[in-house]
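Let's take a walk through this protein together. Have the sequence and the 3D view ready, and follow along at your own pace.

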Amino acid sequence: MAAPQRIEWPFAPGAACFAAWKDLLSLLVDCAVPDDADPALFDFHGRSWQLPGAFLHVNGGSAMAMSRTQKVIDERPAPHMVLYMVVEGQVTTNYDGLIQEHVPGDIVIVDYSMPYESKTPGYEGITLTFDKASVPVELQNNTHGLVLTANDASGAMVGTQLKALVEHIEGLSVLQSQVMVDNILRFAAAAFAAPLTRERRDKRFLFQRASSAARQKLSDPDFGPDEMVAILGVSRSKLFRLFEPHGGVQRWMLAERLKGSLQSILRSTPDHKIAAIARDHGFRSEAHFSRAFQKRYQVSPSSVRGIANDSVGMAAYETVLKQGSGNGAAIVEAWLASARA
């Protein structure tokens, strides 16, 4: 029996590539590139193989974003699921409110019948697309957004199998390739059904809810663990276990307040008082704020304005913006560390 036929993406980077990519992806998702990206430099590349019960894709590209909202699901239904592995780069996803950062080696399951969003500054990946109704029931039920990491034995095994399939598929028959896909999906179903995998997903989701609720209340100096417990409907012990890797609830909230105040100082004008910024971020006094700020950043709040206004400091900031990734707070903290050095 013949080997699966390879289908190559026919467009080189540029405007034609961007237009073709958007036209193709719009069948399933709303897609775009960042506002500051030039479509003339857009890159999407890859190859794929069609099998009787699956599509295998190897692709990558430059910065892009995709979303499959409930409106898109209703307008463009699709009976498929996806097993996706990040090979290079970073992908940020949102599954029903669960925001996750995927790094090389991560394998995630996506159910097209449920909403999700993703964005990346650039990536390489392997995608296995299959009909939801054709796979083990363990893979169908409540797996949307579950992740296997390269640190998990099961994640490493699935990753090895996916890479091996890509490497050898053109030396296999269509039947052999489909059998390999079926075996990968059966093993993945068992891995995603593992209690620890689901527990990790539920814990991430709860932490996302907790951090989102806390960030909305950071200006309130009275907001603390008791208020967070009431919002989440969990016990104090569960809340403390959730934040234990972050040094505890209070330490995490202090760090978030300081990150927010750092960004506010950089955005503010010289006549915006440091005391007002402190109050806006939940500090009862400027003295308390200054001590905490100095301890975290080894520089006073007022000195940050001087660093930002210095040409060398701004050059460092622009360099970090070009090289870095992650959220705004992480970028600003990286800039401050670089400028101080």
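Is Gln-298 buried, exposed or partly exposed? Gln-298 counts as partly exposed, because its relative accessibility is 46%, which falls between the 20% limit for buried and the 50% limit for exposed. You'll find Gln-298 in the loop that links helix H11 (286-297) to helix H12 (301-309). Its backbone deserves a look too: Gln-298 has a positive phi of about 55°, although it is not a glycine. Most residues other than glycine have a negative phi.

Before going further, keep in mind that this is a predicted model. Now step back and take in the whole thing. The protein has 14 helices and nine strands. Its C-alpha atoms fill a box of roughly 75 × 50 × 40 Å, taken along the principal axes. There are 341 residues, and 45% of them count as buried. The surface that the protein exposes comes to about 17,400 Å², with carbon and sulfur atoms supplying 55% of it. As for charge, there are 34 positive and 36 negative side chains, and the centres of those two sets lie 8 Å apart.

How does the chain meet itself? Look at contacts with a separation of 6 or more: residues 24 or more positions apart account for 70% of them.

Gln-298 has a companion in backbone terms. Asn-142 also shows a positive phi of about 55° without being a glycine. Asn-142 lies in the loop between helix H3 (137-140) and strand S9 (147-148). With a relative accessibility of 53%, Asn-142 counts as exposed, because the limit for that label is over 50%.

Next stop, helix H5, which covers residues 174-192. Here two residues side by side in the sequence make a nice pair to look at. Ser-177 lies in this helix and has 0% relative accessibility, so Ser-177 counts as buried. What is Ser-177 in contact with, leaving aside neighbours within four places in sequence? The list is Pro-4, Leu-51, Leu-165, Ile-169 and Leu-172. Gln-176 is found in H5 as well, but at 45% relative accessibility Gln-176 counts as partly exposed. For a sense of distance, try going from Gln-176 to Thr-93: the two are 83 residues apart in sequence and 33 Å apart in space, C-alpha to C-alpha.

Now move along the chain to helix H6 (195-215) and what comes after. Phe-207 is found in H6, and with a relative accessible area of 18% Phe-207 is buried, since the cut-off for buried is under 20%. Leaving aside neighbours within four places in sequence, Phe-207 is in contact with Leu-242, Phe-243, His-246 and Trp-252. The C-alpha atoms of Phe-207 and Leu-232 are separated by 9.9 Å, with their positions 25 residues apart along the chain.

Phe-223 comes next, in the loop between H6 and H7. Phe-223 is buried, at a relative accessible area of 4%. Not counting residues up to four places away in sequence, Phe-223 touches Ala-213, Ala-214, Lys-217, Met-228, Ile-231, Met-253 and Arg-257. Gly-282 is 59 residues away from Phe-223 along the chain, yet their C-alpha atoms are separated by 8.6 Å.

That loop leads into a meeting of helices. The axes of helix H7 (residues 225-232) and helix H8 (residues 236-243) come within 10 Å and cross at roughly 105°. H7 and H8 are therefore roughly perpendicular to each other. The contact is made by Pro-225, Asp-226, Met-228, Val-229 and Leu-232 of H7, together with Arg-236, Leu-239, Phe-240 and Phe-243 of H8. You've met some of these already: Met-228 is among the residues that Phe-223 touches, and Phe-243 is one of those in contact with Phe-207.

One more crossing brings us back towards the starting point. Helix H9 (residues 249-267) and H11 have axes that come within 11 Å and cross at roughly 90°. That makes H9 roughly perpendicular to H11. On the H9 side, the residues that meet H11 are Leu-254, Ala-255, Leu-258, Lys-259, Ser-261, Leu-262 and Ile-265. On the H11 side, they are Phe-289, Ala-292, Phe-293, Arg-296 and Tyr-297. And H11 is where this tour began, since the loop holding Gln-298 lies between H11 and H12.

How values were computed. Residues numbered from 1 in each chain as written. Predicted model: local features only at pLDDT ≥ 70, side-chain atom pairs only at ≥ 80, totals over all residues. Heavy atoms only, no water. Helix = DSSP H or I, 4+ residues; strand = E, 2+ residues; numbered from the N terminus. Buried < 20%, exposed > 50% of the residue type's maximum accessible area, 1.4 Å probe, protein only. Contact = heavy atoms within 4.5 Å. Areas by Shrake-Rupley, 256 points an atom, 1.4 Å probe, with all protein chains shown as cover. Lys, Arg positive; Asp, Glu negative; His and termini not counted. Charge placed at Lys NZ, Arg CZ, Asp CG, Glu CD. Axes fitted to C-alpha atoms, helices over the stretch in contact; angles between N-to-C directions. Parallel < 35°, antiparallel > 145°, perpendicular 65-115°, else oblique.
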